[in-house]
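User: I would like to go through this model with you and ask, term by term, what justifies each label.

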Amino acid sequence: MDRKTVLVELKNVVAPYTENKEMLDSITEDTDLIKDLKINSANIVDIIIDAESKYNIEIDFDSAEKMHKVGSCIDVIINKMNQPA
Amino acid sequence: MSSRRVVITGLGVVSPNGVGIPDFLHSIQNGVSGIEFIPQYEELRFNCQVGASPDFEWEQLRNYITETCLYGLKSKAIGYGIVAALDAWKDAGNDIVGAETHWETGCVFGSSVADTEMIKNAITRVDAKESKKLGSRVVEQIMNSGITAYISGRLGLGNRVISSSSACATGTQAIIMGYEYIKHGLAKRMVVGSSEYVDAYIFGAFDSMRVLSRNFNDQPHKASRPMSISAGGFVPGSGAGALVLEDLEFALARNATIYAELLGASHNSGGQRDGGTMTAPSSQGVVRCIREALEDANTSAQEIDLVSGHLTATSADKLEIQNWVEALGRKGADFPLVNSLKSMIGHCLSAAGSIETVAAVLQIKHQFVHPNINLEDPNPEIIDLISEANLPVKIVNRDINIVAKANFGFGDINACLIISKFNNHGQKDSIS
């Protein structure tokens, strides 16, 4: 799965957790979930749970800690999808 | 010690017979029952198969909280509490959304249990070894302070924020705590109330105590019969009530509309002595509580126009009336009018006190006494004490200046309010 597809799908995953819907439309790999999209830091865990379910992956603690920007979320998701279950 | 006058400037209600003040007012004036047959309770083989729940549209919460906050919110008790409290806040003439913290305003909101359906969800997930999937929104909804946290966060309340619990006295006690903080100058304004969501687990536990109404499952509107000889137990209900209490000068300075004055109050415990137990109040404690409330209000028993009782429709009704007779020193035709909202909405447990107090304030504001429905067969022993003429079965329109409102809870907890029509010329309570 290419990075652009994951980015588009991530918009839907993240949507319920941000009030900043306008910025959500124009996110790039450089968009920061907490600083730019104003997502409550406690809700990052909900995004991780939703991403795990959507991609049928498991995101460990070390990987989760990297998920600040959209680009790093895509890194983690693609990396986990490429790992044998 | 200087003592501040406390007035009521906002009301909100989520009641089984009306969500929002206009609907609720219409229902209590017309004796509309909110009690229904619950098929699930028949399937669960409960003795009591009727209950009372507000007709609550979950989606309306979009008008109260942000979309992200609503997403993942599941606790009904929190939903009810948010609507009641924020309605009261708006009713008092305030905007919900502001950037600043209101340091002068606090919140005391009560509940009897945290949402057991939410707790069940956590138990089920954890037992299935899926705790990882619970996410970030469970703790805030199963903590006892959940409702208060949502309300104070949305309104930006910066004074005392307290989550209280004292069984069926919870709502009244929460109001009294807010009153005391303002009276003693510790806060200028308090959002007070309580919220209850009775699910099958809570209902089942009461059902097992054999204290619920079981003879009217096929006639739900007749199932809650306070003070009647055929009263066979109470009907659990869900909902929330909220009030904005305010320092009189603070309210006048912002030109607030004043519903009524909270003249005085008391809450105590009988200590589970002298007839008081876990589940029954000591008469001595109740009488003391009512008399202390009158004293705090600087009001004589003779001035009481209406007693809004706890009166759940159990065998305790007669004892309660006896306690009122002793506390007020009035009996027979000289006794004030008495009503019990529970005849229409059942017993909303922790929310009973706040919903019933909203009803009491509305009766003062609109100068009426709501009917006791289902009182075709009043208990003769109660009539002997206070005469049938004091138990209205139809709306009574007359001057209502002072209402005594009490609720009593498991643990032998008593709470009594003395609420008065607001009169800015009366300075009787300005300094004590």
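User: What joins β1(B) to β2(B), and through how many residues?

Analyst: A hairpin joins β1(B) to β2(B), and it does so through 2 residues. This is a predicted model, in which local features need pLDDT of at least 70 and side-chain atom pairs count only at pLDDT 80 or more, while totals for chains, interfaces and linings use all residues. Residues are numbered from 1 along each chain as its sequence is written, and chains are lettered from A and ligands numbered from 1 in the order in which they are written. Helices (H or I, at least four residues) and strands (E, at least two) are DSSP runs, numbered from the N terminus.

User: How do you know that β1(B) and β2(B) pair?

Analyst: Two strands pair if DSSP finds at least two bridges between them, and β1(B) and β2(B), residues 18–19, have 2 bridges in the antiparallel sense. Within this pair, Val14(B) stands opposite Val19(B).

User: Which bridges join β1(B) to β8(B) and to β9(B)?

Analyst: β1(B) and β8(B) pair in the antiparallel sense over 8 bridges, and the partner of Val14(B) in β8(B) is Ala240(B). To β9(B), residues 260–269, β1(B) is joined by 3 bridges, again antiparallel, with Val6(B) opposite Leu262(B).

User: Why is β1(B) called largely enclosed?

Analyst: A residue is buried if 20 or more other C-beta atoms lie within 10 Å of its own, exposed if 12 or fewer, and partly exposed in between, with C-beta atoms placed from the backbone. In β1(B), 10 of the 10 residues are buried, so the strand is largely enclosed by the rest of the structure.

User: What makes Ala167(B) and Asn374(B) buried?

Analyst: Ala167(B) has 21 other C-beta atoms within 10 Å and is therefore buried; Asn374(B) has 26, so it is buried as well. Ala167(B) lies in the loop between β6 and α8 of chain B, and Asn374(B) in the loop between β12 and α15 of chain B.

User: What is notable about phi in these two residues?

Analyst: Most residues other than glycine have a negative phi. Phi of Ala167(B), however, is positive, near 50°, and Asn374(B), not a glycine either, has a positive phi of about 65°.

User: Why is α8(B) called roughly perpendicular to α14(B)?

Analyst: Helix α8(B), residues 170–183, and helix α14(B), residues 352–366, pack at an angle of about 70°, with their axes 5 Å apart. That makes α8(B) roughly perpendicular to α14(B), because angles under 35 degrees count as roughly parallel, over 145 as roughly antiparallel, 65 to 115 as roughly perpendicular and the rest as oblique. The axes are lines fitted to C-alpha atoms, for helices over the stretch in contact, and angles run from 0 to 180 degrees between N-to-C directions.

User: Which residues of the two helices meet?

Analyst: Among them are Thr170(B) and Ile175(B) in α8(B), and Ala352(B) and Thr357(B) in α14(B); two residues are in contact if their C-beta atoms, placed from the backbone, lie within 7 Å.

User: How many residues of domain 1 of chain B are in contact with domain 2 of chain B?

Analyst: Chain B is divided into domain 1 (6–253) and domain 2 (265–420), with bounds from an automatic or database domain assignment. In domain 1 of chain B, 60 residues are in contact with 53 residues of domain 2 of chain B, and the largest share of the domain 1 side, 8 residues, comes from α8(B).
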